[in-house]
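Biologist: Before I look at the model, I should like to know how its terms are defined. Could we take them one at a time, each with a case from the structure?

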Amino acid sequence: MNKKFAAALAMALGICGTAMAANPFSDVPAGHWAYAAVAKLAAAGVVDGYPDGTYKGDRTMTRYEMAQIIAKALAKGAIGADDKLVSEFADELDNLGVRASKLEKNADNVRITGEVQMSYANNKGGAFKGDEDKSQSDLRTRIWFTGEVNDNWHYTAMLQNHQYFQGKNENGEDDTDFQRAFLEGNIGVVGVKAGRYDEFLANGYIYDDQVDAVRATVPFGDAYFTAAYGKMANERTYEGWTEKGDSIADKFFQTELGGTWGNLHAAASYLKANNVNGNGMDDDDTIWTVGADYTAGKFNLAAMYLKGDDDALAPEYKDADDDGYVVSLTYGGAESDKPGSWGLVATYYDQAAPTVLSHTMDGAWDKFEGYGFKGYKVGANLTLAKNMVAEVDYYDLKGKGGDLDGTHARTLWSQLVVTF
């Protein structure tokens, strides 16, 4: 790549300026065709010469030198973070410590990212007896918009399209929803999130879904305290499953106290969910948890105990359990920016119905209404190429009581996630 390209770049960026700009380079005479462009780039701090005061425009420059020019142009706002040059020289810019998060303030206050998830599930076992479709496939596309409000606050919104292909793909239904809209930032040392966002309670063993809420987190030393209040809100997800055809619960209040000490993380939490109306429950539910995980190299071992409120159960399930536990062992993990990275996971679940509102798992936990489930998951994930991660999980769950006591729900679930 010849250094004359830098002058052409200046013209393309619209910063070629006038011939009146001072030119610091002795080998670019006033009559040279690129005099004005080079002078303007130098004045703007986009290009530098050599110690001997020359520009050496006929010298072939390295990709690293070009990346330096692009980084300076970005910092000056001459080009945006979404420019093709930024993509082409992404690795070199990374080596220079130039990240998109640093550039956005100088380029554009709104950042657009996306995610496409293609998944397929095949179900077997007595729990699926009578089901018309024992397999499901879908395509979920998400577009995220993140805007800077100021140095302490940003706004996030997400638009989602979900296409459903049941059985042999004879069903092509889809929906498009405006699913996230929240502010996030700090008031002093307190971190605040407010609006419609995804709430992930107790590693998702209790709840992993939308809420309309406010969450505040206060750090102190190696520990933290967090509290959230709002409403569990996702009508579409539970339509046809809950008794009222709406969200799994109404208002909720949740607190958590935890911390990280070296390789050990521990936390205890409390949740009060009002008017729970699914999974065999028809009253308020309170759930207590205590858990810990320890990391040793690439291994992570985690365990959690959960205690629910059997008063939330409908009368026909009053003899059911109200507590449970989850134990998980993971090794490594696929990282989207590291092709070839991979991970393994094994998890054992024993959860009564009052400990679950909307589980994060992709197994058929909701087949065992009122009594809950126990069983295991084994899975693996792999980064096939940059920003392309594949995952395969196998679940074998069975009921803890009632007509489905001991009846299996086996799910082979797979997905490919592409981020951009």
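Modeller: Let us begin with burial: a residue is buried under 20% relative accessible area, exposed over 50%, and partly exposed in between (1.4 Å probe, protein chains only). Both Glu-115 and Arg-140 are buried. This is a predicted model, in which local features need pLDDT of at least 70 and side-chain atom pairs count only at pLDDT 80 or more, while totals for chains, interfaces and linings use all residues. Residues are numbered from 1 along each chain as its sequence is written, and side-chain values use heavy atoms, with hydrogens and water left out.

Biologist: What makes the contact of Glu-115 and Arg-140 a salt bridge?

Modeller: The term requires a side-chain nitrogen of Lys or Arg within 4 Å of a carboxyl oxygen of Asp or Glu. The N to O distance for Glu-115 and Arg-140 is 2.9 Å, so the pair meets the definition. Glu-115 lies in strand S1 (residues 110–124) and Arg-140 in strand S2 (residues 135–148), so the bridge ties together parts that are 25 residues apart in sequence. Strands, like helices, are DSSP runs numbered from the N terminus (strands: E, at least two residues; helices: H or I, at least four). The structure holds eleven salt bridges.

Biologist: Why is Asp-396 called buried, and why is Arg-410 called partly exposed?

Modeller: Asp-396 has a relative accessible area of 10%, so it counts as buried. Arg-410 has 31%, and therefore counts as partly exposed. These two residues form a salt bridge, with the closest N and O atoms 3.4 Å apart.

Biologist: Which parts of the chain does the salt bridge of Lys-400 and Asp-321 tie together?

Modeller: The side chains of Lys-400 and Asp-321 meet at 3.5 Å, N to O. Lys-400 lies in the loop between S15 and strand S16 (408–419), and Asp-321 in the loop between S11 and S12, so the pair ties together parts that are 79 residues apart in sequence. Asp-321 counts as partly exposed because its relative accessibility is 40%.

Biologist: How do you know that strands S8 and S9 pair?

Modeller: Two strands pair if DSSP finds at least two bridges between them. Ten bridges join S8 (residues 251–261) to S9 (residues 264–273), and the two run antiparallel; the pair therefore satisfies the rule. Gly-258 stands opposite Ala-267 in S9. In the hairpin of S8 and S9, two residues lie between the strands, and Gly-262 takes a positive phi near 65 degrees. S9 also pairs with strand S10 (residues 285–296) in the antiparallel sense, over ten bridges.

Biologist: What makes a group of residues a nonpolar core?

Modeller: The members must be buried Ala, Val, Leu, Ile, Met, Phe, Trp, Tyr or Cys residues joined through side-chain atoms within 4.5 Å. The largest such core has 42 residues, and Ile-206, Leu-271 and Phe-373 are among those with the most contacts inside it. S6 gives the most to this core, with three residues.

Biologist: Which residues, including Tyr-376, make the nonpolar surface patch?

Modeller: Patches are made of residues with over 30% relative accessible area and no salt bridge; like charges are joined within 9 Å, and nonpolar side chains (Val, Leu, Ile, Met, Phe, Trp, Tyr) within 5 Å. Val-290, Phe-299, Leu-301, Tyr-305, Tyr-325, Val-327, Leu-329, Tyr-348, Tyr-376 and Val-378 make a patch of about 870 Å². Tyr-376 lies in strand S14, and at 35% relative accessibility it counts as partly exposed.

Conventions:
Areas by Shrake-Rupley, 256 points an atom, 1.4 Å probe, with all protein chains shown as cover.
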